[in-house]
Amino acid sequence: MSDTYPFVPYRPAHIDAAEMIARGHEFFEQMDRRRSVREFSAAPVPREAIEWAIRTASTAPSGAHMQPWTFVAIDDPAIKREIRIAAEQEERKSYETRMPEQWRRALAPLGTDWHKPYLETVPYIVVVFEQTTGVDEAGEPRKHYYVRESVGIACGMFVAALHNMGLCTLTHTPNPMGFLTRILGRPAHEKPYILFPIGYAAAEATVPDLQRKSLDEVCVWNP
Ligand code: IYR
């Protein structure tokens, strides 16, 4: 038995068409300046910035409002080192033996390899865990819904929040990621989803000169 939430009025500001378009365009320009970064500065970043980004991410819509995510934030150098060592071990195996040729070819233009020194350079690592189930008031498992969709949306909002604060990150998914459960001591009902190294870009950072798909390539109207 569960009651409905109380319902309260919601009256978001009505924005006229011209301002709507101007704001949409401006936000696009801002987001279009975001790039995934692999060369970071060790310059300190206030912990509060990370907390604002996590709060923002946690406003994401989620299946049955279960908010099935845990953001594990790390600034302890010893833990960052442990993560780097374990991630590089897995990545080395992936690059050298596990990735099929096709995958290797797809990645080649990005120039990535198994070395992940930035995992120690950055002031913060945030590892997002998806909660495959939750825990109810009685300590019993509670079913979660649309977990991957929910956590994916939250991660997108996290990336946008960081970018909005002038911070850089990378969606890093070493594979397999079980070592993160072990190192970070997370319970069995949580699975590592994405690892975000976070900081300022290094002064000498470069990024591949990628082009994004045009609107026509990604959008179909009334097919
Ligand atoms: N996880 C590896 C490989 C990798 C895979 C994809 I798909 C990328 O877009 C980038 C890298 C790594 O982080 O190097």
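A residue counts as near a molecule if one of its heavy atoms lies within 4 Å of that molecule. With that cut-off, the ligand in this structure is surrounded by Arg38, Glu91, Tyr95, Met99, Trp103, Leu107, Asp113, Lys116, His172 and Thr173. Before I go on: this is a predicted model, and the numbers I quote are computed from it.

I will start with the whole chain and then come back to the ligand. The protein has eight helices and six strands. In sequence order, the elements run α-α-β-α-α-α-β-β-β-α-β-α-β-α. For the overall dimensions, the C-alpha trace spans about 55 × 50 × 40 Å along its principal axes. The chain has 223 residues, and 35% of them count as buried.

Now the ligand. Where does the ligand sit? It sits in the largest pocket. Three side chains deserve a distance each. For Tyr95, an N or O atom of the side chain is 2.4 Å from an oxygen atom of the ligand. For Glu91, the partner on the ligand is a nitrogen atom, and the separation from a side-chain N or O atom is 2.9 Å. For His172, a polar side-chain atom lies 3.1 Å from a ligand oxygen. How much of the ligand does the protein bury? On its own the ligand exposes 370 Å², and the protein buries 70% of that. Helix H3, residues 77-98, and helix H4 are the elements that give two or more residues to the shell around the ligand.

That brings me to helix H4, which covers residues 101-107. Glu101 lies in this helix and has two salt-bridge partners to go through. One of them is Arg104, with the closest N and O atoms 3.6 Å apart. Glu101 and Arg104 are three residues apart in H4, about one turn of the helix. The other is Arg105, where the N to O distance is 3.8 Å. Here the spacing is four residues, again about one turn of the helix, with both residues in H4.

Are these three residues buried or exposed? Glu101 has a relative accessibility of 47%, so Glu101 counts as partly exposed. Arg104 is also partly exposed, because its relative accessible area is 29%. Arg105 comes out as exposed, because its relative accessible area is 55% and the cut-off for exposed is over 50%.

How many salt bridges are there in total? The count comes to 13. Another one joins Glu190 and Arg186, with the closest N and O atoms 2.8 Å apart. Its two ends fall in separate accessibility classes. Glu190 is at 5% relative accessibility and therefore counts as buried, since buried means under 20%. Arg186 is at 26% and therefore counts as partly exposed. Elsewhere, salt bridges that share partners join Arg81, Arg84, Glu88 and Glu120 into one network.

Glu190 also has a contact with Thr70. The side chains of Thr70 and Glu190 are joined by a polar contact of 2.9 Å. Thr70 lies in strand E1, residues 69-74. At 15% relative accessibility, Thr70 counts as buried. So the Thr70 contact and the Arg186 salt bridge both involve Glu190, which is buried at 5% relative accessibility.

Next, the loop between E1 and H3, which is where Asp76 is placed. Which backbone atom lies 2.8 Å from a polar side-chain atom of Asp76? It is the backbone nitrogen of Ala78. Asp76 itself is partly exposed, because its relative accessibility is 33%. There is also a sequence-distant position to mention: Ile125 is 49 residues from Asp76 along the chain, with their C-alpha atoms separated by 9.3 Å.

A last pair, with another spacing. Val135 lies in strand E3, residues 133-135. Val135 counts as partly exposed, because its relative accessibility is 46%. How far apart in space are Val135 and Thr56? They are 23 Å apart from C-alpha to C-alpha, with their positions 79 residues apart in sequence.

To recap the ligand part: the ligand sits in the largest pocket, the protein buries 70% of the area it exposes when taken alone, and the side chains with quoted polar distances are Glu91, Tyr95 and His172. That is what I have.

Definitions and conventions: Residues are numbered from 1 along each chain as its sequence is written. This is a predicted model: local features need pLDDT of at least 70, side-chain atom pairs count only at pLDDT 80 or more; totals for chains, interfaces and linings use all residues. Side-chain values use heavy atoms; hydrogens and water are left out. A salt bridge is a side-chain nitrogen of Lys or Arg within 4 Å of a carboxyl oxygen of Asp or Glu. Buried means under 20% relative accessible area, exposed over 50%, partly exposed in between (1.4 Å probe, protein chains only). A polar contact is a pair of N or O atoms within 3.5 Å; within protein, one must be able to donate a hydrogen and the other to accept it, and residues adjacent in sequence count only if both atoms are side-chain atoms. Accessible areas come from the Shrake-Rupley method with a 1.4 Å probe; for residues, only the protein chains shown count as cover. On a 1 Å grid over the protein atoms alone, a cavity is a set of points where a 1.4 Å probe fits but cannot get out, and a pocket is an open set with protein on both sides within 12 Å along at least five of seven lines; lining residues have an atom within 4 Å of a point. A molecule sits in a cavity or pocket if more than half of its atoms lie within 2 Å of its grid points.
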